[in-house]
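The following paragraphs lead through one protein model, taking in turn its strand pairing, its ionic contacts, its nonpolar interior and its aromatic pairs. The reader may wish to keep the sequence and the coordinates in view throughout.

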Amino acid sequence: MKLPGQDAIARQADEHLVTYRVKLPRKLVEHPIRQVAKRLSMALLVLVVTAFVVYADRDGYTDNSDGSVDLLDAFYYATVTLSTTGYGDITPVTDAARLTNIFVITPLRVMFLIILVGTTLEALTERTREEWRLNRWRSTLRDHTVVVGFGTKGRSAIRTVCATGLRKEQVVVVDPSAKAIEAATADGYAGVIGDATRSEVLKRAELQRARQVIIATQRDDTAVLVTLTARQLSRNAKIVAAVREEENAPLLKQSGADAVITSASAAGRLLGLSVLSPAAGMVMEDLIQQGTGLDVVERPVIKAEVGKTLRELDDLVVSVVRGHRVLGYDDRDVGTLELTDRLITIVRATPVTQIAPDVRPLRS
């Protein structure tokens, strides 16, 4: 099945080079332009103070052109002195004026240069520091989660996985919108600006070393292309994708997705359930909101539980993951528990409730 607009996207990808940029979360105390403006204001203040110091002691200076120093001459002298130009046409001739130059004008000159040169040095230092942070981030990033799309679905998915114990430093957001990446970095996540259908962009997110990938794009055809590219880069990462239309779910699985969520159908089923039974709808909504009320948790079987049946356990078990199969609690094949089984249970949410990492992606 060919998705609408797929050919147009492919042609556009071939005809245009995609620009991408990595942004790491950081705390900005002040906007850079505002910092530069503040430094320029400080430099102008130093210039004005110097000019008035010279004008107050104008009798101790001489001008080669007319012999006297007025306010304009004072500003001219302050400018050429602070910038270390020093034409020598206006010079201090009295002892008081020369002492003022030593103890007042010279410190102001140093301060002036520090303010202006310091702005350039700070910009260079910040750039070097950012490059160092980026290189260190790339070298240490392992087994992380890549989230493609920072819309409503993407943000909700991130909140859910972070509620289970995943650190924000282990989340990388990929989105073509600069505003979306700004919002992601403001929340503490690393971001990559670019088209996720291009392998170069996903490589910037270090997807080849990621544990899991969440694809929450706005279009189904884009989700297919991203899934194909992600699976090509990583054979082991667990890929979960969201689609709008249910008919496109098989195509996502054929493209390499381990699990596909139909967002429109899921919302519709929850609406229908809420109409039939508002209480059941509330319970289902509670279950899918990780970290509050009741949570659905996957955990391994402990040694004390091996050989027991599900009825003998204290936890409320709804399914058993055995190998590549997911067995219901009432499935006859469950029998007694094995050490390699994993249990999907419903528990009361606590601050330490976590979903154990699934290192064996399931395919259905």
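In this predicted model, 4 strands form an open antiparallel sheet, arranged in the order S10-S13-S11-S12. Strand S10 (294-300) and S12 are the edge strands, each of them pairing on one side only. From one strand to the next, the twist averages 25°.

Two of the pairings in this sheet can be followed residue by residue. S10 and S13 run antiparallel to each other and are joined over 7 bridges; within this pairing, Asp295 stands opposite Val347 of S13. S11 and S12 are likewise paired in the antiparallel sense, over 4 bridges, and here Val320 faces Leu327 of S12 as its opposite residue. S11 and S12 form a hairpin with 2 residues between the strands, in which Gly323 adopts a positive phi near 65°. As a general point, side chains in a regular strand alternate between the two faces of the sheet.

The ionic contacts may be taken next. Across the whole structure, a search finds 11 salt bridges. One of them starts from the sheet: the side chains of Arg322 and Asp341 meet with an N to O distance of 2.7 Å. Because Arg322 belongs to strand S11 (residues 316-322) and Asp341 to the loop between strand S12 (325-328) and strand S13 (342-348), this pair ties together parts that are 19 residues apart in sequence. Are the two partners buried or exposed? Arg322 counts as buried, with a relative accessibility of 13%, and Asp341 is buried as well, at 1%.

Another salt bridge joins Asp333 and Arg325, whose closest N and O atoms are 3.6 Å apart. Here Asp333 is partly exposed, with a relative accessible area of 46%, and Arg325 is partly exposed at 43% relative accessibility. In addition, Arg299, Glu305 and Asp315 are joined into one network by salt bridges that share partners.

Elsewhere in the chain, a salt bridge links Asp143 to Arg211, with 3.9 Å between the closest N and O atoms. Asp143 lies in the loop between helix H4 (95-140) and strand S4 (145-148), whereas Arg211 lies in the loop between helix H7 (199-204) and strand S7 (212-215), so the contact ties together parts that are 68 residues apart in sequence. Asp143 is partly exposed, with a relative accessible area of 44%; Arg211 is also partly exposed, at 28% relative accessibility.

The nonpolar interior comes next. The largest nonpolar core has 31 residues, of which Val146, Val174 and Leu252 touch the most other members. Helix H8 (residues 220-233) provides the largest share of this core, with 4 residues. Which residues does Leu252 contact once its neighbours within four places in sequence are left aside? Leu252 is then in contact with Asp220, Ala223, Val224, Thr227, Ala241, Val243, Ala257 and Val260. Apart from the largest core lies another, of 14 residues, which includes Phe150, Cys162, Val173 and Ile214.

The aromatic rings complete this account, the whole structure containing 2 aromatic pairs. In one of them, the ring centres of Phe52 and Phe75 are 6.0 Å apart and the planes lie at 75°, so the pair is edge-to-face. This contact links distant parts of the chain, with Phe52 in helix H2 (residues 32-56) and Phe75 in helix H3 (residues 71-82), 23 residues apart. Phe52 counts as partly exposed at 45% relative accessibility, and Phe75 as partly exposed at 26%.

Phe150, already met as a member of the 14-residue core, pairs with Tyr189: the ring centres are 6.4 Å apart and the planes lie at 65°, so this pair is edge-to-face. Phe150 is located in the loop between S4 and helix H5 (152-163), and Tyr189 in the loop between helix H6 (178-186) and strand S6 (190-193), so that distant parts of the chain, 39 residues apart, are linked. Phe150 is buried at 5% relative accessibility, and Tyr189 is buried at 6%.

Technical notes: Residues numbered from 1 in each chain as written. Predicted model: local features only at pLDDT ≥ 70, side-chain atom pairs only at ≥ 80, totals over all residues. Heavy atoms only, no water. Core = buried A, V, L, I, M, F, W, Y, C linked by side-chain atoms within 4.5 Å. Buried < 20%, exposed > 50% of the residue type's maximum accessible area, 1.4 Å probe, protein only. Contact = heavy atoms within 4.5 Å. Salt bridge = Lys/Arg side-chain N within 4 Å of Asp/Glu carboxyl O. Pairing = 2+ DSSP bridges. Axes fitted to C-alpha atoms, helices over the stretch in contact; angles between N-to-C directions. Phe/Tyr/Trp six-rings, centres within 6.5 Å; stacked < 30°, edge-to-face > 60°.
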